Amino acid sequence: MPTLYQILGIRPSATAEEEVTFSRVIRVSCALVRRAYKQRALETHPDKLEPGASNKEKERAERSFREVHEAFVVLGDVEKRKAYDIRTHIPTSLSYQKASDEAKRRMEDRAEWQRQQQERRKASMAEIREQNRIAMQKAQERRFKAAEQATLVKNMVDELLQLTPEWEQRRLHVQQRRASRLNTGNSRWSTVQ
């Protein structure tokens with residue numbers, strides 16, 4: 001099975017004439033790959049077949065065109081090309097090593113930034129959780145105090161009702177009058193409760 005380099009017809013060290021600057025080497029390398037792709041795509045494109053070509057010839061042309069495109073997709077991208085070279089054990093050129101070192105440094109910087117962001121996010125979440133815990137604790141204390149006060153008020157009302165039984169009779173009488181007013185449908189008194 002041919003390598004991606006053989007499919008495009010270029011050398012694995014196709015970085016042109018080892019330019020001095022790193023970015024220039026990558027641009028030249030990508031330009032060579034792009035030029036080789038365009039040439040091979042024109043040669044292998046299925047539309048270049050004769051009109052009376054058989055189905056086998058068309059399939060073979062489509063397969064070879066797809067191989068050329070896949071080779072371009074991998075070799076045209078620096079990171080994918082590096083991964084392909086490592087996977088297929090193709091030796092890399094000196095400029096490719098420079099690209100690798102630069103990419104490695106960038107990856108380390110990104111990993112450090114990501115680690116710092118994660119730590120900030122964890123600290124922020126811990127702070128939010130602590131604030132929520134304190135708010136929940138305060139709300140629980142308020143509910144507990146309100147329940148205590150409600151119990152205290154209820155006890156006081158019960159004691160007052162025991163001391164003055166006529167209050168209970170008045171309360172029952174008021175409730176009966178309200179009910180009778182609501183039942184009679186008197187609009188003047190129907191809203192009073």
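**Close-up 1. Lys154 and Asp158 meet through their side chains in a salt bridge, with a nitrogen-to-oxygen distance of 3.2 Å.** This view, like those that follow, is taken from a predicted model. Lys154 and Asp158 both belong to helix H5, and because they are four residues apart there, about one helical turn separates them. The two partners fall into separate classes of accessibility: Lys154 counts as exposed, at 51% relative accessibility, whereas Asp158 counts as partly exposed, at 31%. The salt bridge between Lys154 and Asp158 belongs to a structure that holds seven salt bridges.

**Close-up 2. Glu130 and Arg133 form a salt bridge in which the closest N and O atoms are 2.5 Å apart.** Here too the residues lie in helix H5, and since Glu130 and Arg133 are three residues apart, they are separated by about one helical turn. Glu130 is partly exposed, with a relative accessibility of 34%, and Arg133 is likewise partly exposed, with a relative accessible area of 43%.

**Close-up 3. Glu112 and Arg115 are joined by a salt bridge between their side chains, at 2.4 Å from N to O.** Helix H5, which covers residues 94–163, carries both of these residues, and their spacing of three residues places them about one helical turn apart. Glu112 is partly exposed, its relative accessible area being 34%, and Arg115, at 35% relative accessibility, also counts as partly exposed. The view can be widened to take in Glu119, as Glu112, Arg115 and Glu119 are linked in a network of salt bridges.

**Close-up 4. Asp85 is a buried residue that has no salt bridge.** Asp85 lies in helix H4, which is made up of residues 78–88. The nearest side chain of opposite charge is that of Arg81, at a distance of 4.3 Å; because a salt bridge requires the side-chain nitrogen and the carboxyl oxygen to be within 4 Å of each other, Arg81 at 4.3 Å does not form one with Asp85. The side chain of Asp85 does, however, make a polar contact with another side chain, that of Tyr5, at 2.6 Å. A reader looking at this view will therefore find Asp85 buried and without a salt bridge, yet in polar contact with the side chain of Tyr5.

Key:
Residues are numbered from 1 along each chain as its sequence is written. This is a predicted model: local features need pLDDT of at least 70, side-chain atom pairs count only at pLDDT 80 or more; totals for chains, interfaces and linings use all residues. Side-chain values use heavy atoms; hydrogens and water are left out. Helices (H or I, at least four residues) and strands (E, at least two) are DSSP runs, numbered from the N terminus. Buried means under 20% relative accessible area, exposed over 50%, partly exposed in between (1.4 Å probe, protein chains only). Lys and Arg count as positive and Asp and Glu as negative; His and the chain ends are not counted. A polar contact is a pair of N or O atoms within 3.5 Å; within protein, one must be able to donate a hydrogen and the other to accept it, and residues adjacent in sequence count only if both atoms are side-chain atoms.
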